[in-house]
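Trainee: Could you take me through the salt bridges of this model, with a close look at where the paired side chains sit? I would like one connected explanation that I can follow on the structure.

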Amino acid sequence: MVTVFEGARGTAVIAAADIERARSFYEDVLGLAPEEVLPDAESVIYRLGGVPLMVYRSGFAGTAQNTVFAVETDDLDRDMATLREKGVVFKDYDFPGLTTVNGVADLPGERTSWFEDSEGNILALNQRL
């Protein structure tokens, strides 16, 4: 049986109101190297955890109130400390069934934290237990 997406690959897509500011965040704060700058210079492709990640200019950046990209790490505390040294502020939540302490939610089978990129997009960093 042939599937619709046989041989296809996916790319995560994140909006940026200011592409230069976003590039500074993804390159200087997260330490990613551009894999490709598209000819219009309004889009950059990175690779994070083996996933292609396109950051592109859009007036809708930061409007999603949900996690737009999650990164799984083998050491949440180490990576949070590194990001905090670079100025990243982790979000604290207190919802029924989800409370963070010092930016970390202890969930069944994982520890998770959330932060915003330079464009207001919510990213997650989690470690499976």
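Mentor: Begin in helix 1, which spans residues 19-29, where E27 and R23 are four residues apart and therefore separated by about one helical turn. Keep in mind as we go that this is a predicted model. E27 forms a salt bridge with R23, and the closest N and O atoms of the two lie 2.8 Å apart. With a relative accessibility of 22%, E27 counts as partly exposed, because the buried class is reserved for values under 20%. The general idea behind such a pair is that side chains of opposite charge can pair when their charged atoms come close.

It helps to see what surrounds this helix. Helix 1 lies across strand 1, strand 2, strand 3 (43-48) and strand 4, and it runs at about 150 degrees to strand 4. Four strands make up an open sheet in the order 1-4-3-2, with mixed pairing. Its edge strands are strand 1 (12-16) and strand 2 (36-37), each of which pairs on one side only. Strand 1 pairs with strand 4 (residues 51-57) in the parallel sense over five bridges, and you can find I14 standing opposite V55 in strand 4. As a general point, strands of a sheet pair through backbone hydrogen bonds, either parallel or antiparallel.

Now return to the charged side chains, for the structure holds ten salt bridges. One of them joins R78 and D74, whose side chains meet at 2.8 Å, N to O. Of these two residues, R78 is partly exposed at 41% relative accessibility, whereas D74 is exposed, with a relative accessible area of 61%. When you look at this pair, include D79 as well, since D74, R78 and D79 are linked in a network of salt bridges.

A further salt bridge is formed by E116 and K91, with their closest N and O atoms 3.0 Å apart. E116 lies in strand 9 (residues 110-116), while K91 lies in the loop between helix 2 (76-85) and strand 6 (94-95), so this pair ties together parts that are 25 residues apart in sequence. Both partners can be placed by their accessibility too: E116 is partly exposed, with a relative accessible area of 36%, and K91 is also partly exposed, with a relative accessible area of 21%.

Definitions and conventions: Residues are numbered from 1 along each chain as its sequence is written. This is a predicted model: local features need pLDDT of at least 70, side-chain atom pairs count only at pLDDT 80 or more; totals for chains, interfaces and linings use all residues. Side-chain values use heavy atoms; hydrogens and water are left out. A salt bridge is a side-chain nitrogen of Lys or Arg within 4 Å of a carboxyl oxygen of Asp or Glu. Helices (H or I, at least four residues) and strands (E, at least two) are DSSP runs, numbered from the N terminus. Buried means under 20% relative accessible area, exposed over 50%, partly exposed in between (1.4 Å probe, protein chains only). Two strands pair if DSSP finds at least two bridges between them. Contact means heavy atoms within 4.5 Å. Axes are lines fitted to C-alpha atoms, for helices over the stretch in contact, and angles run from 0 to 180 degrees between N-to-C directions.
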